[in-house]
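Trainee: Could you take a close look at one part of this model with me? I would like to start from a single residue and then see how the surroundings fit together.

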Protein chains: 2
Amino acid sequence: MNLILLAPEDLHAPHLARVRDPRRLRHLKEVHRAAPGDELTLGVLGGGIGRGRLLSLEAEEARFEVDTLDQAPPPALDIELVLALPRPRMLARSLEHVTALGVKRLTLLHTRRVEKSYWQSPELRPEKIHEHLILGLEQARDTRLPEIELATRFKPFVEDLLPGRLAARRGLVAHPGMEQACPRGLTEPALLVVGPEGGLIPYEVEQLQAAGCEGIHLGERILRVETAVVALLARLG
Amino acid sequence: MNLILLAPEDLHAPHLARVRDPRRLRHLKEVHRAAPGDELTLGVLGGGIGRGRLLSLEAEEARFEVDTLDQAPPPALDIELVLALPRPRMLARSLEHVTALGVKRLTLLHTRRVEKSYWQSPELRPEKIHEHLILGLEQARDTRLPEIELATRFKPFVEDLLPGRLAARRGLVAHPGMEQACPRGLTEPALLVVGPEGGLIPYEVEQLQAAGCEGIHLGERILRVETAVVALLARLG
């Protein structure tokens with residue numbers, strides 16, 4: 001938690017914030033070992049960031065005197081990610097990685113090799129997803145939540161929605177054995193598709209290419225989805 | 001397990017391999033759903049890779065007929081990594097990420113903000129480390145284990161060992177706020193230093209710079225060590 005991220009309802013007066021949830025209180029005590037008078041970085045969800053002084057830290061509430069939260073959060077990464085739904089634990093970590101890296105739109109997609117049961121996982125409940133996104137924002141000192149979409153059917157997404165999304169973005173699909181190495185340091189907006197642990201099937205790669213995605217690869221090494229997503233975003237970004 | 005990685009003692013005749021450990025047997029059954037006659041990619045630790053046919057898959061043993069294992073594993077990443085010892089669970093995952101990405105030399109370093117108790121973690125036992133390295137190799141279809149060194153004292157490592165290691169490598173230390181952005185696509189051998197979750201202290205950054213490391217940053221976003229390591233290696237590599 002490199003940033004105390006306030007919900008708008010945590011702000012009780014122009015310069016007073018109250019933090020009452022157990023997770024943040026515990027973090028302030030155990031990780032920050034914060035004491036009244038300490039200066040910390042604060043931000044408001046969807047808004048700016050700035051400094052605040054801890055006024056009091058009790059069992060059930062921390063109170064901050066807040067400066068003007070008028071600094072911009074770090075710039076977003078202008079890459080939309082379309083990710084085949086990973087298994088629940090990997091989903092949780094991937095949401096944090098991707099949010100910390102600055103992705104602002106993430107579509108979780110069904111593909112042939114996504115186990116159907118993953119769509120029933122409690123990790124997909126909105127409040128669980130929200131939790132991981134908040135952790136990613138706090139890590140990277142960001143305030144702007146990514147939008148998350150669930151695309152539970154491959155064909156309608158790729159045929160009906162994807163072409164429109166690629167009207168003003170460069171489409172890329174990462175898949176082992178593609179001809180083009182992953183480009184470095186894109187200067188244009190992009191949309192990146194990453195398959196599931198067992199890979200996309202050839203039909204899916206063809207459909208994605210037909211919808212306007214260029215096939216790219218990261219070399220001979222097959223990476224776990226979690227590793228591959230970070231490596232691809234870091235190289236493209 | 002994109003590669004069935006054989007220890008030399010698993011090879012019982014020029015073309016016969018026997019796999020007897022429960023982890024790999026379970027993986028063959030549950031993930032590969034392998035059946036006799038199936039062709040799989042095999043490799044021998046420290047050696048080549050090739051194809052093999054599953055002859056039998058019993059409760060206690062899988063037998064393979066092995067072709068000549070004469071293909072080279074994927075090229076190594078010529079970046080040595082010096083990583084402040086992460087907390088145990090993050091260490092486990094980082095070992096897998098880093099091995100999968102092709103790092104062949106990893107030094108785990110003590111720094112001020114590494115909790116001393118981490119050095120007592122069971123995750124640091126040679127057999128536990130070995131386990132994670134093997135998982136990383138199997139993932140990336142590699143056969144060559146990285147060397148792992150433990151540097152439990154910062155000063156002797158940085159003053160006595162590091163300058164020699166940098167004689168023929170470009171030294172880099174990743175730290176927020178450094179002047180230079182992380183370079184892309186290095187063509188020379190490198191050594192990368194990454195600090196712990198709470199960061200390096202200014203004295204440590206100075207010492208690393210004095211030993212020959214250039215300070216680099218990954219932008220305004222503060223990333224978890226695990227994310228940062230993958231992002232840095234992907235951008236440099």
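Mentor: Happily! A:D160 counts as exposed, because its relative accessibility is 59% and the cut-off for exposed is over 50%. Keep in mind as we go that this is a predicted model. A:D160 sits in helix 4 of chain A, which covers residues 154–165. A distant part of the sequence comes back to this place: A:D160 and A:A211 are 51 residues apart in sequence, while their C-alpha atoms lie 9.2 Å apart in space.

That pairing fits with the contacts of the chain as a whole. In chain A, 71% of the contacts with a separation of 6 or more are between residues 24 or more positions apart. Chain A has 237 residues, of which 56% count as buried; A:D160, as an exposed residue, is not one of them. The chain is built from 6 helices and 13 strands, and its C-alpha atoms fill a box of roughly 60 × 40 × 35 Å along the principal axes.

To see what helix 4 packs against, let us move to the other copy. Chain A can be laid on chain B with an RMSD of 0.0 Å, using a turn of 180° and a shift of 0.0 Å along the axis. That is the relation of a two-fold axis. The copies meet through the same surface, since 97% of the interface residues of chain A are also interface residues in chain B.

In chain B, helix 4 (residues 154–165) packs with helix 5 (residues 202–210) at an angle of about 15°, and their axes are 10 Å apart. Helix 4 of chain B is therefore roughly parallel to helix 5 of chain B, as angles under 35 degrees count as such. The crossing of these two helices is left-handed. On the helix 4 side of chain B, the residues that meet helix 5 are B:F154, B:K155, B:V158, B:E159 and B:L162. Their partners in helix 5 of chain B are B:Y203, B:E204, B:Q207 and B:L208. By class, this contact of helix 4 with helix 5 in chain B has 5 nonpolar, 1 polar and 3 charged residues.

A second helix pair in chain B is worth setting beside it. Helix 2 (residues 88–100) and helix 6 (residues 225–236) of chain B also pack at an angle of about 15°, with axes 10 Å apart. Helix 2 and helix 6 of chain B are therefore roughly parallel to each other. Their crossing, however, is right-handed, whereas helix 4 of chain B passes helix 5 in a left-handed one. Helix 2 of chain B brings B:M90, B:R93, B:S94, B:H97 and B:V98 to the contact, and helix 6 of chain B brings B:V225, B:E226, B:V229, B:V230 and B:L233. Here the classes are 6 nonpolar, 2 polar and 2 charged residues.

One backbone detail in the loops deserves a look too. Most residues other than glycine have a negative phi. A:R141, however, has a positive phi, near 60°, and B:R141 also has a phi near 60°. A:R141 belongs to the loop between helix 3 (126–140) and strand 9 (147–151) of chain A, and B:R141 to the loop between helix 3 (126–140) and strand 9 (147–151) of chain B. A:R141 is partly exposed at a relative accessible area of 31%, and B:R141 is partly exposed at 32%.

Technical notes:
Residues are numbered from 1 along each chain as its sequence is written. Chains are lettered from A and ligands numbered from 1 in the order in which they are written. This is a predicted model: local features need pLDDT of at least 70, side-chain atom pairs count only at pLDDT 80 or more; totals for chains, interfaces and linings use all residues. Side-chain values use heavy atoms; hydrogens and water are left out. Axes are lines fitted to C-alpha atoms, for helices over the stretch in contact, and angles run from 0 to 180 degrees between N-to-C directions. Helices (H or I, at least four residues) and strands (E, at least two) are DSSP runs, numbered from the N terminus. Angles under 35 degrees count as roughly parallel, over 145 as roughly antiparallel, 65 to 115 as roughly perpendicular and the rest as oblique. A crossing is left-handed if the near helix is turned anticlockwise from the far one by less than a right angle, and right-handed if clockwise. Contact means heavy atoms within 4.5 Å. Ala, Val, Leu, Ile, Met, Phe, Trp, Tyr, Cys and Pro count as nonpolar, Asp, Glu, Lys and Arg as charged, and the others, Gly among them, as polar. Copies are superposed by least squares on the C-alpha atoms of residues with pLDDT of at least 70 in both. Buried means under 20% relative accessible area, exposed over 50%, partly exposed in between (1.4 Å probe, protein chains only).
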